[in-house]
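Me: I have a model open here and would like to go through it with you. Could we begin with the DNA side and then move on to other things?
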There are 2 protein chains.
Amino acid sequence: MNAASFYGQAPKHLVAVDCIIFGFDEGKLKLLVMKRKLAPMAGEWSLVGGFVQAEESTDDAAARVLKLTTGLEDIYMDQLHCYGEVNRDTGARVISVAYYALIRIKDHDRPLAQEHGAHWLELHEIPTLIFDHNRMINDALVQLRNNAHFHPIGFELLPEKFTLSQLRSLYEEIYQKTLDKRNFRKKILSLDVMEKLEEKDKTSSKKGAHLYRFDPARYEVLMRKGLVFEI
Amino acid sequence: MNAASFYGQAPKHLVAVDCIIFGFDEGKLKLLVMKRKLAPMAGEWSLVGGFVQAEESTDDAAARVLKLTTGLEDIYMDQLHCYGEVNRDTGARVISVAYYALIRIKDHDRPLAQEHGAHWLELHEIPTLIFDHNRMINDALVQLRNNAHFHPIGFELLPEKFTLSQLRSLYEEIYQKTLDKRNFRKKILSLDVMEKLEEKDKTSSKKGAHLYRFDPARYEVLMRKGLVFEI
DNA sequence: TCAAAAGTGTTTACGTTACACCCATGG
DNA sequence: CCATGGGTGTAACGTAAACACTTTTGA
């Protein structure tokens, strides 16, 4: 058997990407879901997705789909899982590779998202979506929690400058439990991966809270020294 | 746009599965790799793999490939990652979904494996494999370590009945570090997920070591009560 | 002057680590 | 009788958890 026939015998498949896009706004963790405007399934809720093109990696396809809906590039994305059940899509056999993305809601192109029928919903507002998209969301939440525990990915959801209260409320949202204020400050500051700025944020208190900035370079150095990030 | 044209526009892809098959034998963690007998790439080392068929889920394809090479069914398998780079396969554009499996080496069909050109190699013996297969193995090792840390998957690699010394040496292999004998016993026994048998194994000492058996039902009950398995 | 969020230390409990000797037995 | 691996407990240490009051300042 030569190479041509070896590959030629095998069946080909539609391959899609679906994106679970997380944002954090007004103290709440939110998800971008779309109400489809086009057939098939017009009017149904779904994740943002699209087909993988011939000259495009699955990672690139996910990035393209994200940009198409939010206008954002160079965003934190991670592959979640490949969903390969034969009948998962009711229209055709489609293998879907799911990705989850963390974005700063404030940065995204709101009109563009609206034009695509996209809505930001809180976790408890998520309706029934098409196919296995609810399962994808559940899987993404589990992975987000695991991942946030040992990697500094929370910062991807916050503005560049943030207060410790904002950071804590983000982790409270992700883990769905309240965290002790003093212990949280102690732990996160002891990691020594944030820069304390002179500026204060006065939008949420009269006294004002110091702003901090995550320092990726510092994080890298500490990782190489064997620091275990855990929060 | 109707459903037919919506799906019809999208390109189709070859989709493969590749299996990283771990075994544990003579105190060593081993991997099943094949020396290909057929073109293309005859003589090259590769993982065990195959194409996803039309009426077959990716999970089923991985299970089929595993059975084809080892004769084993109902084996612990978990999806690792989907590798979707355009040029990762030099013969054609192939999207590959990698799975890793944990088997009891003693149980597998040795002649069948041999017939397929399969070899069990220790980690440090792994040669350069085709395509991105070495990367897959590295990713699988990372995932095996993470996974073994919080899930009772080590037992999948041991015979049904095993001694605590065997279990410890397995974890030493997985984590690549020596573990304190007393502390290990204390920790694993405190989890209370194993049944102590009357039988002793006398193959490795004159005194004989008690055999234990993992009790999945007990584990399930404890999990539901909120126990955190960690080893 | 007071409401509202920011900021700050200490004590206690618990789990992890380090560590060395006796036991049982087959050859 | 001795070599070999099996089996056992305790003390020191470090991290996580619990917990309440003072500070600042705009309205």
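Reply: Gladly, and bear in mind that this is a predicted model. A good place to begin is the side chain of B:Lys186, where an N or O atom lies 2.9 Å from a base oxygen of DNA strand D.

Me: And how far is a base oxygen of DNA strand D from the side chain of B:Lys181?
Reply: For B:Lys181, the distance from an N or O atom of the side chain to a base oxygen of that strand is 3.0 Å. Chain A takes part as well, since a side-chain N or O atom of A:Asn183 is 3.0 Å from a base nitrogen of DNA strand D.

Me: Which element gives the largest share of the surface near DNA strand D?
Reply: That is helix 6 of chain B, with four residues. Helix 6 of chain A and strand 10 (209-214) of chain B also supply at least two residues each.

Me: What classes of residue make up that surface near DNA strand D?
Reply: There are 12 charged residues, six polar ones and one nonpolar one.

Me: Changing topic, how does chain B superpose on chain A?
Reply: A rotation of 180° with 0.0 Å of shift along the axis places chain B on chain A, with an RMSD of 0.1 Å. This is the relation of a two-fold axis, and 100% of the contact residues of chain B recur in chain A, so that the same surface serves both copies.

Me: Last one, which residues line the largest cavity?
Reply: The lining consists of A:Leu164, A:Ser165, A:Arg168, A:Lys181 and A:Arg185, and helix 5 of chain A gives the most to it, with three residues. The space inside that cavity is about 30 Å³.

How values were computed. Residues numbered from 1 in each chain as written. Chains lettered and ligands numbered in written order. Predicted model: local features only at pLDDT ≥ 70, side-chain atom pairs only at ≥ 80, totals over all residues. Heavy atoms only, no water. Least-squares fit on C-alpha atoms with pLDDT ≥ 70 in both. Contact = heavy atoms within 4.5 Å. 1 Å grid on protein atoms, 1.4 Å probe; cavity = no way out; pocket = protein on both sides within 12 Å on 5 of 7 lines; lining within 4 Å. Points joined across faces, edges and corners; volume = space filled by probe spheres on them. Polar contact = N/O pair within 3.5 Å; in protein donor to acceptor, adjacent residues only side chain to side chain. Nonpolar A, V, L, I, M, F, W, Y, C, P; charged D, E, K, R; others polar.
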